[in-house]
Amino acid sequence: MAVAAPTQTMNNVEAVRATLYEALKADPRTIVLGEDVGARGNVFLITKGFIEEFGPERIVDTPLAEASIVGIAVGMAMEGLRPIAEIQFADFIYPAFNQIVGEAAKTRYRSNGDYTCPLVIRTPYGGGVRGALSHSVSIEALFYHVPGLKIVAPSFPADIKGLLTSAIEDPDPVLFLEHKRTYRLVKGEVPTGRYTIPIGKADVKRAGDQLTVVSYGLYVHQALDAAARLEGDGMSIEVIDLRSIRPMDKGTILESIRKTRKLLIVHEDNKFGGIGAEIAAMVAEEAFFDLDAPIRRLCGPDVPAMGYAAPLEEEFMISTEQMAETMRELVRF
Amino acid sequence: MSDTAVANMPAVTNEQSLTLLRNMLLQRAVDSRGFQLNRQGKIAIAMGSEGHEAAQAGTGLAFERGQDLLYPYYRNTGILLACGFPLADLFRSQFARVTDRTGGRSIINHVTAKGLGIASISSIIAAQCAHAVGAAYKLKYLKETGRAVFCQHGEGATSEGEWHEAMNFAAIHRLPVVFVCENNRWAISTPQSKQMVNQDVAAKAGGYGMRGEIVDGFDPIAVYQTVREARDRAANGGGPTLVEAQCYRFLSHTTDDDDRTYRSREEVETQRKLDPVPRFERRLVEAGVINEAALAALRAEVSATVNATTDAIEAEPLPPAAGLYGNVYEGPDDPWA
Ligand SMILES: Cc1ncc(C[n+]2csc(CCOP(=O)(O)OP(=O)(O)O)c2C)c(N)n1
């Protein structure tokens with residue numbers, strides 16, 4: 001991104017919306033399909049007004065049927081369209097699991113490149129919105145095991161625009177995760193005009209030399225707050241926003257650890273078998289002797305989901321105070 | 001099942017009848033060769049489509065090459081050949097040679113030929129139905145009138161949610177797609193009666209406001225006429241149709257199955273008496289479309305072609321182990337960037 005580029009202040013909803021709008025404008029092969037994306041303009045109003053401007057052939061209000069939202073998008077993609085399928089909430093992606101894992105992710109592989117599946121599946125995920133069991137889940141660990149899929153989860157407006165543009169132009173299927181708590185909470189400057197951010201590139205959101213914190217989604221913002229608080233206590237903490245989950249940026253993580261010699265991984269998804277487990281294993285394989293402290297993970301507890309009652313949600317979510325406390329412990333280790 | 005005379009249907013020329021016959025003979029020869037090769041330990045699995053010859057030859061003849069798109073299923077030897085898929089490539093799929101269009105990755109009959117409009121499929125029952133509908137959406141969206149999508153599946157597939165979702169969406173958008181159900185009465189060991197209460201799969205179309213047609217799947221001309229009519233309607237904006245071609249699976253599900261464990265020999269023998277291949281031979285001879293000598297020559301030609309192709313493809317090499325890698329993404333396979 002050029003430093004002097006003109007920018008516009010946007011929240012995350014506006015960033016998604018602006019990027020989709022530009023993609024629809026730029027390429028007539030682009031089709032948006034999903035539940036309530038038309039007249040209602042999506043439940044978060046991301047596509048409000050699109051159906052009037054682009055017509056019902058390109059902004060497709062689908063029947064309430066997730067398997068075929070993705071499956072039909074796969075067929076469109078195989079035949080050369082550039083579908084952007086929406087799953088209204090990540091919690092409802094399970095019926096489409098077959099089409100994502102069994103079909104989209106394997107189209108190029110099984111046909112040895114004869115057919116490809118340039119498809120984006122957007123979905124809001126994550127908690128902190130009193131969404132309870134079925135409007136709060138994180139789904140990335142269920143999918144990051146799958147070769148053939150790419151997973152992106154940016155949480156700053158400028159990253160959303162650059163990565164969603166990349167996802168739409170990507171020749172392979174991309175699961176694009178939008179943390180719904182950040183939708184209107186997070187604002188930032190977004191460069192005007194078209195630009196891309198490569199999928200698979202993390203971003204050091206804050207430089208430091210005593211501890212590396214790796215996170216993504218809502219928790220990047222909290223980790224940055226926690227790190228800022230600890231600065232007053234003389235602690236220097238580096239915060240890496242993964243942005244992409246598969247492929248994942250090994251180089252940025254290792255480079256940081258070789259400097260700070262300590263690693264904390266923070267994610268909202270359940271701990272067991274989560275993204276943090278893979279990062280920890282990779283670091284143990286590649287940088288074991290560079291570490292001065294055990295790797296720590298702060299993750300969602302291993303229960304099926306967060307509850308509806310405020311204390312049950314709060315217990316699931318990791319507070320900024322908890323993050324700060326763990327960071328402090330690690331720096332002092 | 002009797003030969004139904006269908007009124008106002010596209011006429012079938014003698015030349016087309018002979019195309020149907022050759023396709024049926026070829027399909028049977030390829031399939032039985034697959035079973036032989038499996039018994040000889042030369043290929044890991046074979047999937048026969050004996051009993052489907054008429055349904056597939058008729059459907060394949062209705063397919064407009066260079067225009068239409070085929071979303072097949074795994075039991076589609078005859079349709080693939082009828083839609084222009086090369087015989088040699090079918091054997092490359094059977095033998096999983098390096099020359100196979102999927103590089104030996106996909107199991108037998110799971111082919112790919114984008115240039116011919118033949119889609120790559122997985123083995124996941126009914127998953128291709130949603131893809132077929134997405135493909136049909138594209139044809140409609142780009143106003144490519146005159147083109148249609150063929151979506152093939154068995155009757156067992158019509159129990160899958162994805163089949164229903166695909167039917168529903170196709171009907172809502174009046175998409176140019178023909179669902180052709182090859183109802184062979186069995187899904188591995190599960191008879192139709194345990195799959196659904198309906199006697200006729202075609203009746204399910206009504207639930208979606210779609211046209212449903214039943215056709216004798218042992219009569220290639222009737223299948224051609226019904227499917228072609230549905231195809232022309234679809235290609236010209238008249239919306240989708242579900243065609244149920246009623247046939248039978250004469251062999252076990254695959255070479256890994258033994259149908260003696262779940263269905264009676266009497267049932268199979270009764271159906272064998274209706275075998276569409278000899279029946280269509282006799283019909284063409286009686287109609288004077290082909291004489292006995294020409295029929296014998298045709299059989300010999302098909303047999304010689306299949307033998308020669310088997311030998312040629314068997315001699316081709318297997319893919320190297322490195323063929324496991326690549327084409328996971330356009331870029332590197334590595335999940336670590
Ligand atoms: C989703 C899924 N479930 C189960 C299977 C295993 N399976 C393979 S073929 C088959 C029967 C399919 O029957 P039908 O659709 O009638 O087609 P037919 O094989 O009779 O031609 C089954 C159960 C599968 N391949 N995919």
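Guide: A residue is near a molecule if its C-beta atom, placed from the backbone, lies within 6 Å of it. The model considered here is predicted.

Visitor: With that in mind, how many residues surround the ligand, and which are the closest?

Guide: The ligand is surrounded by 15 residues, the closest being B:Ile125, B:Gly154, B:Gly156, B:Ala157 and B:Ala187. Two elements of chain B, β2 (149-154) and β4 (186-187), give two or more residues each to this shell. By class, the shell holds six nonpolar, six polar and three charged residues.

Visitor: In what order do the strands of the open sheet in chain B stand?

Guide: Strands of a sheet pair through backbone hydrogen bonds, either parallel or antiparallel. In chain B, five strands form an open sheet with parallel pairing, in the order β1-β2-β3-β7-β6. Because β1 (69-71) and β6 (211-216) of chain B each have a single partner strand, they stand at the edges, and one side of each lacks a neighbour in the sheet. On average, neighbouring strands are turned by 20° against each other, direction ignored.

Visitor: Which strands does helix α5 of chain B lie across?

Guide: Helix α5 (residues 127-141) of chain B lies across β1, β2 and β3 of chain B, at about 170° to β2(B).

Visitor: How should one read the crossing of α4(B) and α11(B)?

Guide: Two packed helices are described by the angle between their axes and the distance between the axes. Here the axes of α4 (residues 87-95) and α11 (residues 292-314), both of chain B, come within 9 Å and cross at roughly 50°. That angle makes α4(B) oblique to α11(B), and their crossing is right-handed. Among the residues making the contact are B:Phe91 of α4(B) and B:Ile313 of α11(B).

Note on methods. Residues numbered from 1 in each chain as written. Chains lettered and ligands numbered in written order. Predicted model: local features only at pLDDT ≥ 70, side-chain atom pairs only at ≥ 80, totals over all residues. Axes fitted to C-alpha atoms, helices over the stretch in contact; angles between N-to-C directions. Helix = DSSP H or I, 4+ residues; strand = E, 2+ residues; numbered from the N terminus. Parallel < 35°, antiparallel > 145°, perpendicular 65-115°, else oblique. Left-handed = near helix turned anticlockwise from the far one by under 90°. Contact = placed C-beta atoms within 7 Å. Nonpolar A, V, L, I, M, F, W, Y, C, P; charged D, E, K, R; others polar. Pairing = 2+ DSSP bridges.
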